[in-house]
Amino acid sequence: MGATRVAVIGAAGRMGATVCAAVEAADDLELVGRFDVGDDLGDLAGADVVVEFSVPDASPGNVAHCVAAGVHVVVGTTGWSDDRLATLRARVDAAPGVGVLVAPNFAVGAVLMMEFARRAAPFFESVEIVELHHPDKVDAPSGTGARTAELVGAAREAAGVGPVPDATTHDPDGARGARVHGIPVHSVRLRGLVAHQEVLLGGPGEMLTLRHDSFDRASFMTGVLAALRQVPQHPGLTVGLEHYLGLG
Ligand code: NAD
């Protein structure tokens, strides 16, 4: 079998450039196209699979273009609200055989952190999430922080655990704290950081801390490469890399 042909959208960006280099270094993959803002996506350079790391406002249109062209897509761009995902799901359902994976975090350690947080959440009175990133990150809370909160909130609801009590540590102006699915998420933006997250679970006289650190964009590449090799075997829309790792 020949190499899988891969095109990257957002190829001039930090993540896109890292993906291009990782694809070029893999024997079973061939980089056939690099697209960035203003480029005509056309026939996507004949790619079998597209990897999309652009900006939240452009991503839905780019992914729709790929789905309409019958090309599988691995999406790392954040900003996928429930509404946007519902619209995408309808498009993917209308394109039988096309696989789309939207994953807020491709670092395998981060996916495991989310899984462990989900499992631990019903056993503690309080759960709070602190996500810490470089100051150039435009969105807050992070996609990973929001997704962790969603998983934790759903696990607590399913277990019939009461709401997380109000925290006393929130920013007075609320600018860096938000409740997502009932779970407080704090956002820190600091020079020197890459992408980090702590899930703090507190009960009487004890605390469990789950922490993940991405020190380098290489941390995302294992997951991105695994996803682009697997996406043709997963038709339909999948949200979260955990489903490709047998955890979902
Ligand atoms: P970046 O700003 O370095 O790169 C974004 C690129 O997209 C730029 O080159 C920009 O020119 C391009 N772009 C803008 N509009 C476009 C359009 N209409 N079509 C095509 N390309 C367009 O950002 P980044 O750090 O590479 O992050 C990209 C996205 O990936 C962000 O949403 C970020 O939060 C997300 N991200 C996800 C993960 C993950 O594991 N899922 C990890 C890191 C970053």
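The UniProt annotation "domain: Dihydrodipicolinate reductase N-terminal", from an unreviewed entry, covers residues 5-106. The model described here is predicted. Over residues 5-106 the chain is 33% helix and 24% strand. The C-alpha atoms at the two ends of this stretch are 20 Å apart.

An open sheet of six strands was found, with parallel pairing. Its strand order is β2-β1-β3-β4-β5-β11. The edges are taken by β2 (29-35) and β11 (236-239). Each of these has a single partner strand, so one side of each is left without a neighbour in the sheet. On average, neighbouring strands of the sheet are turned by 20° against each other, direction ignored. At one end of the order, β2 pairs with strand β1 (residues 4-9) in the parallel sense, over six bridges. Within this pair, Thr4 stands opposite Leu29 in β2. Helix α2 (residues 59-68) lies across four strands: β1, β3 (49-52), β4 (72-75) and β5 (99-102). The helix runs at about 160° to β4.

Antiparallel pairing links a further set of strands. Strand β6 (residues 126-133) and strand β9 (residues 195-203) are antiparallel and joined by eight bridges. Here His133 stands opposite Ala195 in β9. Strand β9 also pairs with strand β10 (residues 206-214), again antiparallel, through nine bridges. Gly203 has Glu206 in β10 as its bridge partner. Together β9 and β10 form a hairpin with two residues between them. In the turn, Gly205 has a positive phi of about 75°.

Under "binding site", the unreviewed UniProt entry lists His134, Gly143 and Thr144. Gly143 lies in helix α5 (residues 143-158), and Thr144 is placed in helix α5 as well. The two residues fall into separate burial classes. Gly143 has 19 C-beta neighbours inside 10 Å and therefore counts as partly exposed. The cut-off for a buried residue is 20 or more. Thr144 has 26 other C-beta atoms within 10 Å, so Thr144 is buried.

Contacts were considered beyond four places in sequence. On this basis Gly143 touches Thr78, Pro104 and Asn105. Thr144 is in contact with Pro104, Asn105, Ala110, Glu131 and Gln197. Pro104 and Asn105 thus appear in both sets of contacts. Two of the residues contacted by Thr144 belong to paired strands: Glu131 falls within β6, and Gln197 falls within β9.

Definitions and conventions:
Residues numbered from 1 in each chain as written. Predicted model: local features only at pLDDT ≥ 70, side-chain atom pairs only at ≥ 80, totals over all residues. UniProt positions renumbered as here; feature names shortened; annotations may be inferred. Pairing = 2+ DSSP bridges. Axes fitted to C-alpha atoms, helices over the stretch in contact; angles between N-to-C directions. Contact = placed C-beta atoms within 7 Å. Buried ≥ 20, exposed ≤ 12 C-beta atoms within 10 Å, placed from the backbone.
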